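Trainee: I have a new structure open in front of me, and I would like to learn how its labels are earned. Could you take me through them, term by term?

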Amino acid sequence: MAAKTITVTVLSPEETLFSGAAEAVFLPGSVGPFEVLPGHAPIISTLEGGDMVVRDERGGEHRFAIASGVVKVSHDKLTACIEVNKK
């Protein structure tokens, strides 16, 4: 049976911004925006400026305005290292 959530960790140089279970993550990839759902194929991607949105297991949204970053997805675990866009 496929997992219904993915474990997400969002890190900045200063702190951990999010750590927990999520239903979906929306990312501004360098080639184009993409969505990560449970069961996603392994991927490593660079990120460009834009909004990263984590939809947690209760349906709440956590939004991060990022300048750049990198994300790794493997075995229903997503780790994103981002530079926060300080507007």
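Mentor: Gladly, and keep in mind that this is a predicted model. Let us begin with Leu78 in strand 6, which covers residues 77-84.

Trainee: Why is Leu78 called buried?

Mentor: Set the value against the cut-off. Buried means under 20% relative accessible area, and Leu78 has 1%, so the label buried applies.

Trainee: What does Leu78 touch, leaving aside residues up to four places away in sequence?

Mentor: The list holds Thr7, Val8, Thr9, Val25, Leu27, Val36, Met52, Val71, Lys72 and Val73. Take Val25 as one of them: Leu78 and Val25 are 53 residues apart in sequence, and their C-alpha atoms are 8.8 Å apart in space.

Trainee: What makes a contact count here?

Mentor: Heavy atoms within 4.5 Å. The C-alpha distance of 8.8 Å for Leu78 and Val25 is a separate value, taken from C-alpha to C-alpha.

Trainee: Which residues have the most contacts inside the largest nonpolar core?

Mentor: They are Val8, Val25, Leu27, Met52, Val54 and Leu78, in a core of 19 residues. Strand 1, strand 2, strand 3, strand 4, strand 5 and strand 6 each give two or more residues to this core.

Trainee: Is Ser12, which sits in the loop between strand 1 and strand 2, buried or exposed?

Mentor: Its relative accessible area is 12%, and with buried meaning under 20%, Ser12 is therefore buried. Ser12 touches Leu17, Ile82 and Val84, not counting residues up to four places away in sequence.

Trainee: How do you know that strand 2 and strand 4 pair?

Mentor: Two strands pair if there are at least two bridges between them. Strand 2 and strand 4 are joined by four and run antiparallel, with Ala24 opposite Arg55 in strand 4.

Trainee: And how many bridges join strand 4 to strand 5?

Mentor: Twelve, and this pair also runs antiparallel. Here Arg55 stands opposite Glu61 in strand 5. The two strands form a hairpin with four residues between them, and Gly59 in the turn has a positive phi of about 90 degrees.

Trainee: Why is the contact of Glu23 with Arg55 called a salt bridge?

Mentor: The rule asks for a side-chain nitrogen of Lys or Arg within 4 Å of a carboxyl oxygen of Asp or Glu. The pair meets at 3.8 Å, N to O, and passes. Glu23 lies in strand 2 and Arg55 in strand 4, so this pair ties together parts that are 32 residues apart in sequence.

Trainee: What else does Arg55 form a salt bridge with?

Mentor: With Glu35, where the closest N and O atoms are 4.0 Å apart. Glu35 is in strand 3, so the pair links parts 20 residues apart in sequence. Glu23, Glu35 and Arg55 are thus linked in a network of salt bridges.

Trainee: Why is Arg55 called partly exposed?

Mentor: Its relative accessible area is 26%, while buried means under 20% and exposed over 50%. Arg55 falls in between, so partly exposed is the term. By contrast, Arg63 and Glu61, which form a salt bridge at 3.5 Å, are both exposed.

Trainee: How do you know that the whole chain agrees with a compact globule?

Mentor: With 87 residues, such a globule would have a radius of gyration near 12 Å, and the chain has 12 Å, so the values agree.

Note on methods:
Residues are numbered from 1 along each chain as its sequence is written. This is a predicted model: local features need pLDDT of at least 70, side-chain atom pairs count only at pLDDT 80 or more; totals for chains, interfaces and linings use all residues. Side-chain values use heavy atoms; hydrogens and water are left out. Buried means under 20% relative accessible area, exposed over 50%, partly exposed in between (1.4 Å probe, protein chains only). A nonpolar core is a set of buried Ala, Val, Leu, Ile, Met, Phe, Trp, Tyr and Cys residues joined through side-chain atoms within 4.5 Å. The radius of gyration is taken over C-alpha atoms; the globule rule is 2.2 Å times the number of residues to the power 0.38.
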